[in-house]
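Please take a moment with the sequence and the model before reading on. The paragraphs that follow go from strands to a sheet, then to the packed interior, and end with the cysteines.

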Amino acid sequence: KVAIKGIERELICPSCKELFTHPLILPCQHSICHKCVKEILFASEDSFADGGSESSNQSSPRMKISSSSMDRLDRFSRSGTKRNSLTPRSSLFPCPGCQRDIDLGERGINGLFRNFTLETIVERYRQAARAAIAIMCDFCKPPPQESTKSCMDCSASYCNECFKIHHPWGTVKAQHEYVGPTTNFRPKILLCPEHEMERVNMYCEICRRPVCHLCKLGGFHANHRVTTMTTAYKTLKEKLSKDIEYLISKESKVKAHITQLDLLLKETERNSENAKEAASHSFEKLSQILEEKKSAALRAIETSKNLRLEKLQAQAEEYQGLLENNGLVGYAQEVLKETDPSCFVQTAKQLHVRIQKATESLMSFKPAAEATFEDFVVDIAKQEQILGDLNFHANGPEVPEINEEQSRMYNKALISWECPGKTDSADTYVLQYHKLNREEESVTWQDIKVCSKSKVISDLDDDSSYAFRVRGCKGSICSPWSQEVTLRTPPAPVFSFLFDDKCGYNSEHLLLNPGRTSVESRAGFSLLLGSERMQVGCFTTLDYIIGDAGIAKGKHFWAFRVEAYSYLVKVGVVSSNKLQKLFHNTHDMTSPRYEQDSGHDSGSEDATFDSSQPLTLVTLGMKKFFIPTMPAAPKDPDSRIIPLPSRLGICLDCDKGKVGFYDAGCMKCLYECEVDCSGIMYPAFALMGGAAVHLEEAVTAKYDI
């Protein structure tokens, strides 16, 4: 038995975050309290009426609604449940569980079932949580006695004496069902909310909800697939039991994951402290650099100030000497008092030079030093921008995305990826992959360090699926892993060949590229001349070309691409025993009703494979893949036509005598048939009108850049 106290998380309403009270089941299968549903509906209605005005308080665990809506809610509670009384203007209900808008239908809240099973479990949880709190009798005179049983028919609790009074022997009430004391009373019969008096006895597999027979006869579920309630009960209970048994059988794996999560919790705590310490160290280092720069700048300003003051002080003292009876002027005045010519001339010559310099200085006055310190202004504009953009380096490398269109599986695996921002924010990348195997309990990823945005991987197993993921790294910081991409390898080793330009090659109708990896049909004058000579019937020529290498044994795979504009292309295999017959029987009827030799209608629209055909081919064209008809296959043409894949593949198993045609993008088999492999088998192609075929290029080291 599961401990009741261990499932509290499942018993919490996603809206009010409290234990469920009368939970209702929404169409999305989430449950929500009855009161919460009404509050959300009225809040949505008020928001719609007020043009989106705010009517809720986010700080409250239970949504607050406006006074007008609360009045309507009170009137509704007093008047009881009425049909369509709670149907809002819009039937869309925002489910707080899945965050989606759910259509409640025409009946709104009245069309929702009450989740009695969940309500019972919640009640058991409440009783386990308040085992010491007794449920009192509903009929005792004050003070009430502790109840000993509850009647499910009366929806009330009784003590022994009151139960005997209200359920006397020999009356109908004596047959009522009673249980231990409880506050959870559920009806014995689940009634249909659409047809109030009808019992639900069927289960709609489309809507995944119980319905009554009236719902099936003429209601919303008339054309839905339904089953009996007993069958649905057995089926769902069996599935749920198996799933629970599977989870219980994986208890060791669950415990291992819990242990891993516990380690991650501790590691997260430890790493967060390390990150804090590293961030503090980085900012302290920045602060130290700034302090050093600050001290150097202040010292430079102080030195410049002292030097300028000295110069200005000396200049001021010099000009002080130009004043009367002071300094140089006073000295010159005293020299003028000299009467001896010889002595005067001896002194006055040098003095006159000084007076002239002082006069010139006075006429072109310029301070000896600037008072401004504009050359000492610190320009921090760039540094401010850099500091403003300062962020954790973990946000630097973007999460790369594997490009499934450029990635492909062939002889090797080519995995390509790109960054959403189209920037090289990472220095290196780490590519991980592992083979998908259902039997393995744990997954072992293989790591490859890559300096580019693509990687070629060799030695993968044939006919296997692999999961790939990648992340970018810048220094020691790595981005989160990308979304995993699953790719499948070819069903057999890749067979390499080129188009044969000798055996049966018609250079007038077909054009090969220099590398013999592409062939294109020429719908030119030769086809027009051939058609001009025809007076009756309708036939055209298929131009065949084969591979330059054959297969004698084993299992092999090759892929190619057919241009979208191609009108008619046939692809497959041909035996060496039938090559001569192939190239001497080049006329194919476009209409099987016409037989040129017999001149009459064959009466069959569907051609099938038979042993008289010189080769095994399937038809492609007009962006379609035509599955050949077999005797046991349906004759409906629409069921045999599927969209043409971007890349096609052929798998030939000579040992089993089978050939399969594949969608080479996902390695899905589209068609498989038996083939006579008595001779050497060659890849074969046939083209008519405007068409082109390109062989798949092998994955080589040149892609690993």
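Two strands are said to pair if DSSP finds at least two bridges between them, and the strands themselves are DSSP runs (E, at least two residues; helices are H or I, at least four), numbered from the N terminus. What is shown is a predicted model, in which local features need pLDDT of at least 70 and side-chain atom pairs count only at pLDDT 80 or more, while totals for chains, interfaces and linings use all residues. Residues are numbered from 1 along each chain as its sequence is written, and side-chain values use heavy atoms, with hydrogens and water left out.

A first example of pairing is given by strand S14 (residues 413-418) and S17, which are antiparallel and share four bridges; within this pair, Leu414 has Val456 of S17 as its bridge partner. Strand S17 spans residues 454-457 and is covered on both faces, since Ser454 and Val456 on one side are buried, as are Lys455 and Ile457 on the other. Here buried means under 20% relative accessible area, exposed means over 50%, and partly exposed lies in between, using a 1.4 Å probe and protein chains only. In a regular strand the side chains alternate between the two faces of the sheet.

A further set of strands forms an open sheet of six, in the order S24-S34-S26-S28-S29-S30, with antiparallel pairing. Strand S24 (543-546) and strand S30 (641-643) stand at the edges, and because each has a single partner strand, one side of each is left without a neighbour in the sheet. From one strand to the next the twist averages 25°, where axes are lines fitted to C-alpha atoms (for helices over the stretch in contact) and angles run from 0 to 180 degrees between N-to-C directions. At the S24 edge, four bridges join S24 to S34 in the antiparallel sense, and Tyr544 stands opposite Ala686 in S34.

Within this sheet, strand S26 (residues 568-575) has eight of its eight residues buried, so S26 is largely enclosed by the rest of the structure. Leu568, Lys570, Gly572 and Val574 point one way from S26, whereas Val569, Val571, Val573 and Ser575 point the other way. Strand S34 (residues 681-688) runs antiparallel to S26 and is joined to it by eight bridges, with Gly572 opposite Ala684. With strand S28 (residues 615-621), S26 forms an antiparallel pair over six bridges, in which Val573 has Thr616 as its bridge partner.

What fills the interior? A nonpolar core is a set of buried Ala, Val, Leu, Ile, Met, Phe, Trp, Tyr and Cys residues joined through side-chain atoms within 4.5 Å. The largest such core has 47 residues, of which Trp558, Phe560, Leu620, Leu652 and Phe685 touch the most other members. Its largest share, five residues, comes from strand S25 (residues 555-562). Leaving aside neighbours within four places in sequence, Phe560 is in contact (heavy atoms within 4.5 Å) with residues including Val571, Leu620, Leu648, Phe685 and Val693. Apart from this core lies another, of 23 residues, among them Leu19, Leu24, Phe93 and Leu112.

Finally, the structure holds zero disulfides, a disulfide being a pair of cysteine sulfur atoms within 2.5 Å. For Cys33, the nearest cysteine sulfur is that of Cys13, 3.7 Å away, and Cys33 is buried, with a relative accessible area of 1%. For Cys36, the nearest cysteine sulfur is that of Cys16, 3.8 Å away, and Cys36 is buried, with a relative accessible area of 1%.
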